[in-house]
Amino acid sequence: MTIGVCYFPEHWPREQWESDATNMAEAGIEYVRLAEFSWAVLEPERGHFEFDWLDEAIEVLGAQGLKVVLCTPTATPPKWLVDERPEILQADIDGTPRHFGSRRFYCFNSPAYREETDRIVSRLAERYGDNPHVVGWQTDNEFGCHRTVRCYCEDCSAAFSDWLAEKYDTIETLNERWGTTFWSQRYPSFEAVDPPQPTPADHHPSLLLDYYRFANDSVVDYNRLHANLLREVNDEWFVAHNFMGDFETLDAHAVADDLDLVTWDSYPTGFVQDRREDDPTLDELRAGDPDQVSMNHDLYRGTNDAPFWVMEQQPGDVNWPPTCPQPGDGAMRLWAHHATAHGADAVLYFRWRRCRGGQEQYHAGLRKHDGSADRGYHDASQAAAELDGLDVAHVDAPVALLHDYHDWWAISSQPHAPDFDYWEHLRTYYRALRARGVQVDIVHPETSLEDYALVVAPTLHLMSEERADHLSDYVSDGGHLLLGARTGYKDSYNRLPDARQPGALSNLVGATVDQHESFPASVDLSLMYDGDAYDYRTWSEWLNPDEADVVAEHTTAGVTEAKPAIIRNEARRGTVTYVGVWPEAELANTIVGDALQTAGVTSTDVLPDGLRVAERDGHVWVTNFTSDAVTLDVPQGTPCHVGESKTERNDTVDVDPFGVAVVECRVDDVAVE
Amino acid sequence: MTIGVCYFPEHWPREQWESDATNMAEAGIEYVRLAEFSWAVLEPERGHFEFDWLDEAIEVLGAQGLKVVLCTPTATPPKWLVDERPEILQADIDGTPRHFGSRRFYCFNSPAYREETDRIVSRLAERYGDNPHVVGWQTDNEFGCHRTVRCYCEDCSAAFSDWLAEKYDTIETLNERWGTTFWSQRYPSFEAVDPPQPTPADHHPSLLLDYYRFANDSVVDYNRLHANLLREVNDEWFVAHNFMGDFETLDAHAVADDLDLVTWDSYPTGFVQDRREDDPTLDELRAGDPDQVSMNHDLYRGTNDAPFWVMEQQPGDVNWPPTCPQPGDGAMRLWAHHATAHGADAVLYFRWRRCRGGQEQYHAGLRKHDGSADRGYHDASQAAAELDGLDVAHVDAPVALLHDYHDWWAISSQPHAPDFDYWEHLRTYYRALRARGVQVDIVHPETSLEDYALVVAPTLHLMSEERADHLSDYVSDGGHLLLGARTGYKDSYNRLPDARQPGALSNLVGATVDQHESFPASVDLSLMYDGDAYDYRTWSEWLNPDEADVVAEHTTAGVTEAKPAIIRNEARRGTVTYVGVWPEAELANTIVGDALQTAGVTSTDVLPDGLRVAERDGHVWVTNFTSDAVTLDVPQGTPCHVGESKTERNDTVDVDPFGVAVVECRVDDVAVE
Amino acid sequence: MTIGVCYFPEHWPREQWESDATNMAEAGIEYVRLAEFSWAVLEPERGHFEFDWLDEAIEVLGAQGLKVVLCTPTATPPKWLVDERPEILQADIDGTPRHFGSRRFYCFNSPAYREETDRIVSRLAERYGDNPHVVGWQTDNEFGCHRTVRCYCEDCSAAFSDWLAEKYDTIETLNERWGTTFWSQRYPSFEAVDPPQPTPADHHPSLLLDYYRFANDSVVDYNRLHANLLREVNDEWFVAHNFMGDFETLDAHAVADDLDLVTWDSYPTGFVQDRREDDPTLDELRAGDPDQVSMNHDLYRGTNDAPFWVMEQQPGDVNWPPTCPQPGDGAMRLWAHHATAHGADAVLYFRWRRCRGGQEQYHAGLRKHDGSADRGYHDASQAAAELDGLDVAHVDAPVALLHDYHDWWAISSQPHAPDFDYWEHLRTYYRALRARGVQVDIVHPETSLEDYALVVAPTLHLMSEERADHLSDYVSDGGHLLLGARTGYKDSYNRLPDARQPGALSNLVGATVDQHESFPASVDLSLMYDGDAYDYRTWSEWLNPDEADVVAEHTTAGVTEAKPAIIRNEARRGTVTYVGVWPEAELANTIVGDALQTAGVTSTDVLPDGLRVAERDGHVWVTNFTSDAVTLDVPQGTPCHVGESKTERNDTVDVDPFGVAVVECRVDDVAVE
Ligand SMILES: [Zn+2]
Ligand SMILES: [Zn+2]
Ligand SMILES: [Zn+2]
């Protein structure tokens, strides 16, 4: 378990590099990421390459024993290239070009840009093909950031037609699968199908879903181009990409197929402000929301079922969220431990030193812009020291949470309620699992499920016979399946199935959906479950049980009242529970608690918000994202690897505000005093 | 009084058509609307027509005794046509084209599209010219939906210049009427006048108003093209169009001149969410706001002073409002009765069966997508049975509410307060009339007024001498006229009149407007009327009575205080009341109550919100849009045609939640217990 | 001290002009502004000039002894010109042209438009070169109104490249000063630098700042073109421009260098609604916020350190704010006095008569549109009579508030908190000074400071060594300097300085900024100053005192607590106070009160909101912007020039709601009873 940093030597005078490298080594840093966004310095004019500075920087770092991760610098093509080949620019949905001036303004489908990419990546790879300090590569940077997965340029229009031809073979098939008789939308040819640019009313949902798939595949292809070029030169390098948090438009499962190492960029105090429904508390502004962060850890860990890296870890205050409070004391250390608990093998802070020029001047580094140590440097050093001895195996999670990006895109194309957000809905179930200290693999629905005691599928919206069979097999083999609302609503072309919802899953569920409703937040929505009253939100279904038992009935006023809301089917060796609402937290805790018990999964009582425990290889990390100190009871004699303070005999462990403890026990051995 | 349905046989396998027709007949359905949006199936490639399926569908329906209404399918030109003649596309205000992919993306002024329209409509009309089952036609669908009345393309620019030349004859006249000396806006020629595209500040209000008139006239012309083509083939067909609810940009009075039958599309639970100022209650989310709905009934009934149809009646939950709760039990039946009470002769539910593909998958039908009966099917069947025997004459309303779309457009071009919405302001007066059970004709100001006991004109904003004379004649003949704020503020070119407001009406009113003010919602606005305090909102005028009496004074704090707010002029055989504020509901109830009394109009006491009564041809419909049951007192022995339950001797009638009663008596015979 | 009016004779029949002139003279009006927006009437077609009407209008006014100010009519080029030379149109940031139809749609950098400007201005100037009634000129109208300083057209792109070449000489210098290594933004040439059009993420802050400077300089140049042409013809004319209130994008300091007379347009009841953070009270809707208005008086007075004019004074209700209540009785008179107290020598009401046509029909004049006197006419007449005898010298302010537009632009390009508004932050300090009756010069930081007892610099964001030396000299000479948050954060290229903040000022301040934070409004932010608790908002700094004393510590919860928040350095002959927060009003009052005391500045106690006093040349104006009457204590025998009522011996003065008193004494002689 180790620590690293992202470094931009090209921003600083040559004479500073040695002391930077020394300071890194002293902090216990192992990995240094280099050369991101460096195309204009590597090739200041066409064909004129300047690699010496990078050679030298690697050498200076390598001399301190640091390992180098290089980046393909394609996120920022130089101005001379854009002026020579302006056709590489993306276009907004209304046709406005996305101009030079920031980053990610190139189109993934531009033949010109693929040519240029090939040129710069090959050249760089060859230069460092046998450099002993270079251990791997990051492709590009944060594919899709700033809403750039989906482009509406002419290259994309042509590529989309080809993609459709490949998928459907004949235009008649497309017309039939999509259902284009509606509103006279029949297409005479694949060439006639355009990207969904502005039109008076909504676009056809089947077109939208396929356009989102196509745009995603364009990025997958473009990433594969990098990976192939790098592997051709040196197949011992790892090829990685740095994904983003709570990110909708790019299918990490698909991109990961071409990667050796999945990484992501974690900025907890920004995420609570710009990609979560609830307003953040002051504690969250200081340290983030542990469940929001770890949901991404667990997602990226789940893509390739392997340890992941945090390629960029927030180092202090940052520039891009609405507001930027200082993180709590120790928060930067806390985040490194939290990532490790969820399966990270390395955490690299972004960046080494605050940059004097450009868009990120308000983004801290481990060092201030005058070169002195900033708050993050001390935290990073402490984390490095604490993690150094702690080599733990891959996380072994008892529960799978099923997630398919295509379901996300389908729901987004027809949310049918202003606040039905697919990811927030998943997070409701995820939180309930994490509140009880359960490790969760967030995986694709077609993953092998046999090792999971419990499978939670909040919204498998697009349902095929194959997928239904896969789930059915799991339950038949004794598995326990918890399904949420809007499951099985559509076929894989984003059309309604022939039969009632949940379509191909109806047999397994033993019930169908009689009606669905959505509501504004002002309406009180409630149900009765096991004799107790609970609230739900946004979405209601009236279930029509066939073989299943009704376990909750609506108490929402009016026609909804007394309709079945949750059913359970125990007809096979396992169980299936179908939840026909979006539960509020308390209801989610109860449903998930019952499911864990049925499935025999070890867990804690419901922990307070912000305090989380996670087990990895016999070690339990206790991470405190609040400003209140906490004392934990643990079995007497529990070995305590990391802990702010502890009694002599280790039967309690004190955890400071924004602090961490690592103890050797099971997760259910830990209790809050 | 009858029931119908909209049906799309082309979406379903041929083998389903017979059972569909049987199920329709069993439900008591009389009319079936067909072929809307069907161009691409009727003409899959240029000149290659496929009418067989439609012939057959009509035959299958006709065999069950069903009558067919056909549609000209021009709302959705096929993709091959758009690709051949892309010049037919509309342009947004900033020039962005409105692309293929949904509907209504064609320009009404495109010569190319008029040519194509002529071609398909003629062909269709000829095909069914002597079909015994086809009784009439709907032109296109919902002209102007999705903000498409106003286009900013080059064809429109040229057509606008021609329209202006026709209207003003010389450019000097235009410059003088508009007042283009202001800000150097003088035009050297008609060609030089452009559509109002983006400019740094506001556009000239006279240009805006004429552009809105021109755009409206373009639709009127385009509709006339359809009507003429159809009538040429068979002049026994009725020609109808389906208008929308609370719709600003298209003048239904003008379009209706070319129609035999006016119809509109009624979606009560959507309207309360997306086209009304107040947030809906749960009851309104379940059944809508009866006044909002009936205001449209009364508007469309008033266009041609004839019974109208609801061409599309909400069949259950729908796809397009922000949220979509299930309608209350019986609501679909309630809406059919409510429409009938207000003058509908037929109510067609949209649509027969929920569609599996395309944009409206979340829109219910009378049947579910798996073919089984949905909630609306039972309601529709009940309504059909109840209405079957009930043949009543045209509504005879004692009160006229004057409305001119041009006033709406003028106010919208200069609202002078963020929440001064012309239609909401009209609705304030309309509600007060309906709260007392009074039937109201919403008519154009130049309609003959002699048969009305009371005329209410909330905002006759643009005032000509002719219009003033018309109103003056009405009052001179003993009529009672209630005028609201912002009346007579402008001449018909959207300029201030020479004299003070209300301009040409000042003599009749016996007062002028000294000052006007608008206020944010945070300021308390009040006045004293007849010794009692009342609130008003948004708008205040200080009146300067000449011959008129002051009947209310402002009590709003500051300089407004003690200024005359409402005046009454009794100088002629009738009376004129001018209300210089936008009254809140209680004040509106009082003013309108006094006006009804003065005019001798029969009415009830103020009814609770959501409970409404309406008389048609000696029958009183009691419609309950709330979830509370109600008991009504009626004269002993009142015949009760429809009623959930009643005592033996019929001196009370019980009305269920979302229920209906139809009793034979006068409206003032009915009282809530 | 005098009164004037803006008049548009071309909007009215010739026969009305004489009575208009007579009515003006009777009101005591001295100046009349003419010919704004009149290009299309002066030159109805190319080369065909019609000056007769203007000759005659000037003659009619001159005959009544009125003095005429003419305008260059370039804010509204005629349609024939736009159609001939469409390249003069501005372009929006996304390339959408700004079309004809309102005003200000021309590009300042268009060579074509500069040619046309030269033509019309020369012609006009020559025509009136020796007209005895014409005393001066206004150039164009409200440069930059409707967001038009910044244009993104091709002419601007070329001109920007030239401007950069002029500034940086070599592209290497630009790359180095901006720091374009970041995100590969190195430019190969000046031609390659484009205006900041849409790009996926933020633009480079150094590019943005220079683009804002360039756009500003384009206006400065364009104004100079007018000034030079006018002065060539008659160098006794004054050349003026009418600026706007609270206006960000145009540097009035720079434009004023080419003007003889600075004027601005004051609309108090609009400003409180559309350019201030807080919602207005009813009193503010009736009369405005005196500090918001006078901050502009003091800004424009400070540009050339000379008396200014209000070129357009609100005459009653206006058309453009969200809502438009009637001003309080006397408010139009109050505003004239208030302006005079702050250094105005003339106040011209806009406009003479409400216009019947065009965009401003809802904008009052001194006369109604039917020609009768409106409320403002009586107020203006009274103000004229009262000011007539009152000839007072230039304002002599003891305190300077430093303001540099470039700091405003830099903060706006990276606010780092949604509610960090540079101008609101300045206003916090300005209010605290005005609440104590202190006159304030708002001046450029490089102004000579030696005559000021106290200098307040809320945010000198961009700091150079020269500017730091200038401030250091002031303090070394015994001056007292009060600095606010975010001072010295950047160098003049919008990059971080080498050292910590406040960069070049650190020595003078005796402290550095250790960290900064921003917060949402939901977090309680507080500190302890001199034993008392106070609130602050939005922004927090942790100060690191070197030689300075800590005078306030944060009490904000969490890691912020106990960090130094305000420091004071008394190391030289003067003092420096650095405030590391954005203070709420109470804290600002305390800090500013202490600073005034230290600097020995005469002041009142903190006055109630809305009641303000201001001294000019031995006269104290008491202006009451509230609806409550006030009684003031003054020294016995104080001469009272204007006062609604007073006791015999003048030891108290009564001030009506929205009233004024002018007494001859010192500001600290006045106290509220
Ligand atoms: Zn593209
Ligand atoms: Zn058009
Ligand atoms: Zn330009």
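Tutor: Before we start, a polar contact is a pair of N or O atoms within 3.5 Å, where within protein one must be able to donate a hydrogen and the other to accept it, and residues adjacent in sequence count only if both atoms are side-chain atoms. This is a predicted model, in which local features need pLDDT of at least 70 and side-chain atom pairs count only at pLDDT 80 or more, while totals for chains, interfaces and linings use all residues. Residues are numbered from 1 along each chain as its sequence is written, chains are lettered from A and ligands numbered from 1 in the order in which they are written, and side-chain values use heavy atoms, with hydrogens and water left out.

Student: OK, how many residue pairs are in polar contact across the interface of chain A and chain B?

Tutor: The rule finds 32 such pairs across that interface, both residues being at pLDDT 80 or more.

Student: And which strand gives the most to the side of chain A that touches chain B?

Tutor: Strand S13 (511–518) and strand S15 (532–545) of chain A each supply at least two residues of that side, and S13(A) gives the most, with 5 residues. Strands here are DSSP runs (E, at least two residues) and helices are runs of H or I with at least four, numbered from the N terminus.

Student: How many salt bridges are there between chain A and chain B?

Tutor: The count is 6, a salt bridge being a side-chain nitrogen of Lys or Arg within 4 Å of a carboxyl oxygen of Asp or Glu. Lys368(B) and Asp514(A) meet in a salt bridge through their side chains, at 2.6 Å from N to O.

Student: Switching topic, what coordinates the zinc ion (ligand 2)?

Tutor: Cys107(B), Cys151(B), Cys153(B) and Cys156(B) coordinate the ion through their SG atoms at 2.2 to 2.3 Å; donors are N, O and S atoms within 2.8 Å of the metal (3.2 Å for Na, K and Ca), and water is not among the atoms, so sites may look incomplete. Cys107(B) lies in the loop between helix H4 (79–84) and helix H5 (111–127) of chain B, and Cys151(B), 44 residues apart from Cys107(B), lies in the loop between strand S4 (134–138) and helix H6 (154–168).

Student: Are Cys107(B) and Cys151(B) buried or exposed?

Tutor: Cys107(B) counts as buried because its relative accessibility is 1%, and Cys151(B) is buried too, with a relative accessible area of 4%. Buried means under 20% relative accessible area, exposed over 50%, and partly exposed in between (1.4 Å probe, protein chains only).

Student: What about the protein donors of the zinc ion (ligand 1)?

Tutor: Those are the SG atoms of Cys107(A), Cys151(A), Cys153(A) and Cys156(A), lying 2.2 to 2.3 Å from the ion, and along the chain the donors follow the spacing C-x43-C-x1-C-x2-C.
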